[in-house]
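Me: I have a chain to go through with you. I want the reason behind each label, in short answers.

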Amino acid sequence: MSAVPPILLFGYGNPGRGDDALGVLLQDAITVQQLPGVECQTDMQLQVEHITDLEGREYVLFIDADVGCAEPYVLETLTAQQDGSYTSHAMSPAAVLHAFRQVYGKDAPPAYLLRIRGYSFELGEGISAQAAENLHAALQATTQMLIGIGQTNGVSYENADQAGYRQRLVIIQQPCTGWRVC
């Protein structure tokens, strides 16, 4: 069995509901960069089964759209906490960390929540223009954060060439057919 990458990015949201796709889109944009030591996963919602994805990680970043956060995004440190989502089919990131502690008998790795400001969550819509701008800012910050963590841990990110990185940023802002990064 191979070692799991030390960093997990988990983008979640419903790609069929407009700006709710922001977490998934950011995760997709990071995936195409193929940063060493980074694993990207996505789902429509967090569930108790996702605690297994945290095992062996050094850092976890959950990424989601949020209609109530400041523009363009908010990055916050998470702590394990049982909340009202704990027994539902969709859990909060804090509840996932709490479930990890309950199952494994130890704290989850350091985890963060990146909330990207969204505006329109209507069924069948693409992302709004303002949300696309917020996504662009969140992608820049996330990529720089990952490169910083990698350098701290002695990982070289020479493969994340700046020309390719800039090209992917432009692609995100161009109109797409569908909800994925075009």
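Me: What pattern does the chain follow along the sequence?

Reply: The pattern reads β-α-β-β-β-α-β-α-α. That covers four helices and five strands. The model is a predicted one.

Me: How do you know which parts of the prediction to trust, and what is the mean pLDDT of the chain?

Reply: pLDDT is the predictor's confidence in each residue, from 0 to 100. The chain has a mean of 83, and 78% of its residues reach 70 or more. Among the elements, E5 has the highest mean, 97, and helix H4 (residues 162-173) the lowest, 38. Over residues 159-182 the pLDDT is below 50. In the model this stretch still has 32 contacts beyond near neighbours in sequence.

Me: What makes the five strands one sheet, and in which order do they stand?

Reply: Two strands pair if there are at least two bridges between them. E3 (residues 59-66) and E5 are joined by seven bridges and run parallel. E4 (residues 73-77) and E5 are joined by five and run antiparallel. The full order is E2-E1-E3-E5-E4, an open sheet with mixed pairing.

Me: Why are E2 and E4 said to stand at the edges?

Reply: Strand E2 (38-43) and E4 each have a single partner strand, so one side of each is left without a neighbour in the sheet. From one strand to the next, the twist averages 20°.

Me: Which residues stand opposite arginine 115 in E5?

Reply: Aspartate 64 is one of them. Valine 74 is another.

Me: Why is E5 described as largely enclosed?

Reply: The cut-off for buried is under 20% relative accessible area. Five of the seven residues of E5 are buried, so the rest of the structure largely encloses this strand. Over the whole chain, buried residues make up 45% of the 182 residues.

Me: Which helices pack on the sheet, and which strands do they touch?

Reply: Helix H1 (residues 22-31) packs on the sheet and touches E1, E2, E3 and E5. The direction of H1 makes about 150° with that of E2. H2 lies across E1, E3 and E5, and runs at about 150° to E3.

Me: How do you know that the length of H2 agrees with what a helix should span?

Reply: The expected span is 1.5 Å times one less than the number of residues. H2 (residues 93-104) has twelve residues, so the expected span is 16 Å. The end C-alpha atoms of H2 are 16 Å apart, which agrees.

Me: Which residues of H2 are buried, and what covers them?

Reply: Pro93, Ala94, Ala95, Val96, Leu97, His98, Ala99 and Phe100 are buried. The cover includes strand E1 (7-12), E3 and E5. After H2 comes glycine 105, with a positive phi near 70°.

Me: What makes glutamine 34 worth a look, and is it buried or exposed?

Reply: Most residues other than glycine have a negative phi. Glutamine 34 has a positive phi, near 50°. Glutamine 34 is in the loop between H1 and E2. The cut-off for exposed is over 50%. Glutamine 34 has 64% relative accessibility, so this residue counts as exposed.

Me: How do you know whether the peptide bond from glutamate 71 to proline 72 is cis or trans?

Reply: Omega is near -10°, and the bond is cis. Most peptide bonds are trans. Proline 72 sits in the loop between E3 and E4.

Me: Where does serine 128 lie, and which residues is it in contact with?

Reply: Serine 128 is in the loop between strand E5 (111-117) and helix H3 (129-152). A contact needs heavy atoms within 4.5 Å. Leaving aside neighbours within four places in sequence, serine 128 is in contact with Asp19 and Tyr119. From serine 128 to glycine 18 is 110 residues in sequence, but 7.1 Å in space, C-alpha to C-alpha.

Me: What share of the chain's contacts join residues at least 24 apart?

Reply: The share is 76%, among contacts between residues at least 6 apart in sequence.

Technical notes. Residues are numbered from 1 along each chain as its sequence is written. This is a predicted model: local features need pLDDT of at least 70, side-chain atom pairs count only at pLDDT 80 or more; totals for chains, interfaces and linings use all residues. Side-chain values use heavy atoms; hydrogens and water are left out. Helices (H or I, at least four residues) and strands (E, at least two) are DSSP runs, numbered from the N terminus. Buried means under 20% relative accessible area, exposed over 50%, partly exposed in between (1.4 Å probe, protein chains only). Axes are lines fitted to C-alpha atoms, for helices over the stretch in contact, and angles run from 0 to 180 degrees between N-to-C directions.
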